[in-house]
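Colleague: Could you take me through one part of this model, step by step, as you would for someone new to structures? I would like a close look at a single hairpin and the enclosed space that shares residues with it.

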Amino acid sequence: MSDSVTIPSEFQINSPLHQRKYLVKGELKEWTGKVTEVYSTISSTSDYAPTLLGSIPTMGEGEALDALDAAVVAYNKGQGAWPTMRVKDRIECMENFVAKMETKRDEVVKLLMWEIGKSLPDSQKEFDRTVEYIYDTIEDYKQLDRDSAKFEKNAGVYAHIRRGPLGVVLCLGPYNYPLNETFALLIPAIIMGNTTIFKPAKHGVLLITPLLEAFQSSFPKGVVNILFGRGRAVAGPIMATGKVDVLALIGNSKSANALQEQHPKSNRLRLVLGLEAKNPAIVLADANLDLAIEECLAGTLSFNGQRCTALKVVYVHESIAEEFNKRFSKRVDALKFGNPWDDGVKLTPLPEPGKSAYIQELIDDAKEKGAMVVNKKGGTHFDNFIWPAILHPVSKDMRVYEEEQFGPVIPVVTFKDIEEPLDNMAESNYGQQVSLFGKDVYALAPLIDALANLVCRVNLNSSCQRGPDVYPFTGRKDSAVATLSVHDALRSFSIRTFVASKDNELNNEILEKLLETKLSNFISTDYLL
Ligand code: G3H
């Protein structure tokens, strides 16, 4: 292999994966139609060339409507086996699934690295975090069930209140967390008794292949349907039927808006959305600079800045801006770039072929309007990467200030008065999180009080992040609809529904018999162990 780059043997692509199966109505069907080739921007040879990883089906309206039909039939107007199943039995199916999933770790991690360029430790973390999320979801659902295993009585009316499914859920995940974020939608949607149609993101599609069989064999037919193809071709026609009850999407607000608009019955459609953000870091004059720089480094550049929670604009008090820029630049330029399996690698190839050119446009625009690239390596081009540029001073007329860059470029804005970042955040279309760096509690207290009303998580001397997954993940304005956490997601994908009966002899006798005979799966006071 004279012209090969060094790739550990366990990570080499020996033969491309031509994915031809899709899951509809409980069957893994063979696809014989058009296919799309999947390339990695990582080269296998020293002369740069994208690597062919395999191919995936290019599905269209026909297959999309078949999958929808399967989900509608499995829900069967609320009478389906899945939505009426005992919680205990649904949990058993999920336990089955996760046990099978765990056996696929190596295959999925390898594909995560090749398909989206995520480093080995981060790919492993994405897989493990997802498995943990599923186990935590099961535990939380048990507790939810235990809390509902009772009757209450108010004003002479007994009530047995539970959370029931919403119906058919269309799940669409993002390419930066093609496993974790997609499953953080899909798993709670399934376990709460909904039936689902799932289409993987534009990158990170092949990594679903090793899991198809686990989905097929763990759930009743029609509960999980998996399609491949472009969102427009597949998701659009499904929405247009008006038969979707929940649109669950982590991605871009433009796609979310377009899909919602296609649904003819807006009150039927519920939304669970995680959308863009432009999370700011605010570095106050008294901040511990070592700590602020460390956290800003992780916040702006983990996975090359391709995270919805990434710090996408850094406000620094003018009195410390020079020092901040100097030290921050050194740290950014000392990061290691390489392939995902390289030891100690922090920056990795960008999976979108056009991304470096887009980042370059943002740099050029900022430079034209008066910013400078502060760090030596900033903007250096590689075959599949552009070195993160720290841009300063950034002003509001620059594209990099306005657009969610979702990649390696760091706008630094200086401020004199704290009202400047606060006003900008209030004006912004986004409201997910903020990182606040400082020490003086008299300055921090009023800021925390105001910021908590502008975003949904104030990170004190810490970078922004979604995890730990037990914490609420949400946002204001264009950043999110509904809340996701292990606990909240179970609520977002269900609705409170109950059986009520006036306190009289006949009703009480019926309730007692229902409990005794266990004929109803809904009415149950069993304690789930
Ligand atoms: O892309 C957005 C993710 O929710 C970020 O999750 O903060 O754990 O990387 P993370």
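Modeller: Happy to! Let's begin at the turn: in the hairpin of β2 and β3, K25 takes a positive phi near 55°, and the strands have 2 residues between them. Keep in mind that this is a predicted model. Strand β2 covers residues 21-24, while β3 covers residues 27-30. The two strands run antiparallel and are joined by 4 bridges. One bridge is easy to find on your screen: V24 has E27 of β3 as its bridge partner.

Now turn to the empty space. Rolling a probe the size of a water molecule over the atoms shows where such space is left. Counting cavities of 30 Å³ or more gives 3. The second largest has about 40 Å³ of space, and its lining includes L23 and G26. L23 falls within the range of β2, residues 21-24. The rest of that lining is made up of F215, Q216, F219, P220, K221, G222 and V224. Sorted by class, the lining has 5 nonpolar, 3 polar and 1 charged residues.

For contrast, look at the largest cavity, with about 70 Å³ of space. There, 13 residues form the lining, and those closest to the centre are L273, G274, F473, S479 and A480. The lining of this largest cavity divides into 8 nonpolar and 5 polar residues, with no charged ones.

Key: Residues numbered from 1 in each chain as written. Predicted model: local features only at pLDDT ≥ 70, side-chain atom pairs only at ≥ 80, totals over all residues. Heavy atoms only, no water. 1 Å grid on protein atoms, 1.4 Å probe; cavity = no way out; pocket = protein on both sides within 12 Å on 5 of 7 lines; lining within 4 Å. Points joined across faces, edges and corners; volume = space filled by probe spheres on them. Nonpolar A, V, L, I, M, F, W, Y, C, P; charged D, E, K, R; others polar. Pairing = 2+ DSSP bridges.
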